[in-house]
Amino acid sequence: VKELDGVELRLPSLAFLKTGLLRKVRNLTFTDQTFTIIELMASPEALKVIDELDTTSFNDLLEEWREHSGISLGES
C-alpha cells in the first residue's frame, strides 16, 4: 500500500499473482505485462495518479513494488 497525492494505491505482491493472470500476460513484453497488471489491479483513482507520474517517480514505484514483493530482476 502506498499513498500518492492522497490516493491509496494497492497492488498485490508480485509473488502471489494468480496463475491465470500470468498465463494471460506471458507472451507480452515486460512493459505490456507491467501495465496490464497495474491496469487490472489498481483503482481508477490510482490509475489517474499513476498516469501523471514522471518516469523517475514511476520507476521508483515499480522498484518499491518489486522490493515489497520480494522479487528481484537478477543480473545479466
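Guide: Let's start with Leu17, which sits in the loop between strand 2 and helix 1. Helices and strands here are DSSP runs numbered from the N terminus (H or I over at least four residues for a helix, E over at least two for a strand). This is a predicted model, where local features need a pLDDT of at least 70 and side-chain atom pairs count only at pLDDT 80 or more, while totals for chains, interfaces and linings use all residues. Residues are numbered from 1 along each chain as its sequence is written, and side-chain values use heavy atoms, with hydrogens and water left out.

Visitor: Why is Leu17 called buried?

Guide: Its relative accessible area is 12%. Buried means under 20%, exposed means over 50%, and partly exposed is in between (1.4 Å probe, protein chains only). Leu17 falls under the first cut-off, so buried is the word for it.

Visitor: What is Leu17 in contact with, leaving aside its neighbours within four places in sequence?

Guide: Contact means heavy atoms within 4.5 Å, and by that rule Leu17 touches Pro12, Leu22, Ile37 and Met41. Take Ile37: 20 residues separate it from Leu17 in sequence, yet their C-alpha atoms are 9.2 Å apart in space.

Visitor: Leu22 was on that list. What makes Leu22 partly exposed?

Guide: Leu22 lies in helix 1 and has a relative accessible area of 40%. That value is in between the two cut-offs, so partly exposed it is. Its C-alpha is 8.7 Å from that of Gln33, 11 residues away along the chain.

Visitor: And how do you know that Glu8 counts as partly exposed?

Guide: Same test: its relative accessibility is 44%, so Glu8 gets that label too. Glu8 belongs to strand 2, and its C-alpha lies 8.6 Å from that of Glu45, 37 residues off in sequence.

Visitor: What makes a group of residues a nonpolar core?

Guide: The members must be buried Ala, Val, Leu, Ile, Met, Phe, Trp, Tyr or Cys, joined through side-chain atoms within 4.5 Å. The largest one here has 17 residues, and Leu9, Ile38, Ala42, Ile50, Phe58 and Trp65 touch the most other members. At least two residues each come from strand 2 (7–9), helix 1 (19–25), helix 2 (30–41), helix 3 (44–51) and helix 4 (55–69). Helix 4 gives the most, four residues. In soluble globular proteins, nonpolar side chains tend to be buried together.

Visitor: Which residues is Ile50 in contact with, leaving aside its neighbours within four places in sequence?

Guide: Leu9, Ile38, Phe58 and Leu61.

Visitor: How do you know that the length of helix 4 agrees with what it should span?

Guide: The expected span is 1.5 Å times one less than the number of residues. Helix 4 has 15 residues, so 21 Å is expected, and its end C-alpha atoms are indeed 21 Å apart.

Visitor: What makes the buried residues of helix 4 line one face?

Guide: Phe58, Leu61, Leu62, Trp65, Arg66 and Ser69 are the buried ones. Seen down the axis, they fall within an arc of 135°, so they line one face of the helix. The arc is that of the directions from the helix axis to the C-beta atoms. Thr56, Glu67 and His68 are exposed on the other side. The buried residues pack against strand 1 (2–4), strand 2, helix 2 and helix 3.

Visitor: What puts the buried residues of helix 2 on the same side?

Guide: Thr34, Ile37 and Ile38 are buried there, and they cover an arc of only 100° around the axis, which puts them on the same side of helix 2. Glu39 and Leu40 are exposed on the face turned away. An α-helix has 3.6 residues a turn, so residues three or four places apart point the same way.

Visitor: And which are the buried residues of helix 3?

Guide: Ala46, Val49 and Ile50. Their arc around the axis is only 100°, which puts them on the same side of helix 3. Pro44, Lys48 and Asp51 are exposed on the other side.
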